[in-house]
Amino acid sequence: MSSQPSTDNRLTDGGAPPRRRPADRRVLILRTAAQEFSDRGYHAVRLEEIAVIVGISTPALYRHFPTKYALFAEATGLLADALTAALEASASDLESALTALAQSAIDHRRTGGLYRWDQRYLDGDDATKVKTVLVNQHRRIRAALLDTRPSIPRPHADLLVAAMISVVASPTTHRTTLADRDIRRLLVTSALSLADIAPTSVTDSPDHPPQRGLAPASKRELVLSESISLFATKGFRDVTIDEIASAAGIPASGVYRHFESKAAILSAAFWRASDRVSAANSDALAASTTNRAALESLVARYVRLFVHDNALLTVYLSEFGHLAPAERSALRRQQRANVDEWAAWVTRDRGDAITRGQARFLVHAALSVISDLLRLRRPPTAEQVTAIGCAILVGSQQRR
């Protein structure tokens, strides 16, 4: 029997592996790299940092992986294999398949963001492999859903499946603690409840987004606005100050009159997003008179915020690793405050049916679904996303 660990558990996050054999060192490198890439993004991580965490020299790491891309591709491929194995081991019904995906997300909480955000950096066969796994996952869940609800129109089924998968995968997006059994039951129940959402009539077409409108008169605002657009399109690392200056119609020296560096622009973008979320929360509560109305308004305003500024959402979700550690810590505190605000209204609306910890998990699930759906190649309407987000937060009581 081979001494190599099986593919589906080599990157499981629990416990440090023994380091008696070279193979174990390779597994430790892969696990560490997957966590760092997942937490901070591909470009923000250096191989020298991974070597330090593992406790080896950089030349020793290169003996296992010749490039950062090779390490990234293998770590991502192993996670894709784990996802495939989890689904193949489950029964074919919808609840069993969703439970398998939820358990896989729990097992890989520290590393699941690797293919959630950074698969766009894969090339050739590596990219094809991950895409095939995700497409097969979608088809498997869709088939199980249509087995139980054959009357659901195909486009609506695809939307619900994308939302269900996002719900059960949401533990990889945050660090809120809850017993594994409770996580599975809560998220699978929430995902299953989405099957009851009726197709929403389309009144705002996703194919015709609002016009961009006029550029800001303030040069600082113009630089920030153009930077956000460029960061969303090309990624923070690949955007230059010269490109930002050209987009804003000013010389490069003009950019530095408003921001000391490209990193300072990114920081301003993150705080812009965070402040807008906080303001949207305040506006939603000011316009509400009941617990349920508060939740519905919180979701609706959050969705509208990022429907009309999808570039800001993309930067907010994908460039966190490029912030300085102090900035990341400050933003995480603000993000937790916003999650806690939503969770408070979930518990007020649902009473004894849910704990504050469970409410936080549902809030993270709703936020995950909203961001995932709005970043689809053909995103649904704001009304559709809002209906799904609300259903997650105000859904039926957990199954016993």
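**Helix packing and core of an all-helical model**

Helix α10 is followed by Gly235, which has a positive phi, near 95°. The model described here is predicted. It contains 18 helices and 0 strands. Of its 400 residues, 50% count as buried. Among contacts between residues at least 6 apart in sequence, 72% join residues at least 24 apart.

Helix α10 was examined further. The helix has 16 residues, which at 1.5 Å a residue should span 22 Å; its end C-alpha atoms are 22 Å apart, so the two values agree. Buried positions in α10 are Leu222, Val223, Leu224, Glu226, Ser227, Ile228, Leu230 and Phe231. Glu226 and Ser227 are thus part of the buried set. The buried residues of α10 pack against four helices: α11 (241-248), α12 (252-256), α13 (262-286) and α15.

The pairing with α15 was resolved in detail. Helix α10 (residues 219-234) and helix α15 (residues 310-318) cross at roughly 60°, and their axes come within 8 Å. This crossing is left-handed. From α10, the contact draws on Ile228, Ser229, Phe231 and Ala232. From α15, Ala311, Leu312, Thr314 and Val315 take part. The contact residues comprise 6 nonpolar, 2 polar and no charged.

The loop between α9 (180-193) and α10 holds Pro199. Outside its neighbours within four places in sequence, Pro199 is in contact with Pro153 and His156. Pro199 and His156 are 43 residues apart along the chain, yet their C-alpha atoms are separated by 6.1 Å.

A second helix pair lies earlier in the chain. Helix α4 (residues 68-88) packs on helix α5 (residues 94-107) at an angle of about 145°, with the axes 8 Å apart. The crossing of α4 and α5 is right-handed. Leu83, Ala86 and Leu87 of α4 meet Ala97, Ala100, Leu101 and Ser104 of α5. By class, the residues of this contact are 6 nonpolar, 1 polar and no charged.

Helix α7 (residues 124-148) was checked for length in the same way. At 1.5 Å a residue, its 25 residues should span 36 Å; the end C-alpha atoms are 37 Å apart, which agrees. Its buried residues are Val130, Val133, Gln137, His138, Ile141, Arg142, Ala144 and Leu145. The buried list for α7 therefore includes Gln137, His138 and Arg142 alongside residues such as Val130 and Ile141, each falling under 20% relative accessible area.

The nonpolar core was considered next. In soluble globular proteins, nonpolar side chains tend to be buried together. The largest nonpolar core of the model has 121 residues. Ile50 and Leu393 have the most contacts inside this core. Helix α17 (residues 356-374) supplies the largest share, 11 residues.

Around Ile50, the contacts can be listed. Not counting residues up to four places away in sequence, Ile50 touches Ile29, Thr32, Ala33, Phe37, Val45, Leu61 and Leu71. One of these partners, Thr32, lies in helix α1 (residues 22-40). Thr32 has a relative accessible area of 8%, under the 20% cut-off, and is therefore buried. Leaving aside neighbours within four places in sequence, Thr32 is in contact with Ile50, Ile53 and Val54.

Technical notes. Residues are numbered from 1 along each chain as its sequence is written. This is a predicted model: local features need pLDDT of at least 70, side-chain atom pairs count only at pLDDT 80 or more; totals for chains, interfaces and linings use all residues. Side-chain values use heavy atoms; hydrogens and water are left out. A nonpolar core is a set of buried Ala, Val, Leu, Ile, Met, Phe, Trp, Tyr and Cys residues joined through side-chain atoms within 4.5 Å. Buried means under 20% relative accessible area, exposed over 50%, partly exposed in between (1.4 Å probe, protein chains only). Helices (H or I, at least four residues) and strands (E, at least two) are DSSP runs, numbered from the N terminus. Contact means heavy atoms within 4.5 Å. Axes are lines fitted to C-alpha atoms, for helices over the stretch in contact, and angles run from 0 to 180 degrees between N-to-C directions. A crossing is left-handed if the near helix is turned anticlockwise from the far one by less than a right angle, and right-handed if clockwise. Ala, Val, Leu, Ile, Met, Phe, Trp, Tyr, Cys and Pro count as nonpolar, Asp, Glu, Lys and Arg as charged, and the others, Gly among them, as polar. The expected span of a helix is 1.5 Å times one less than its number of residues.
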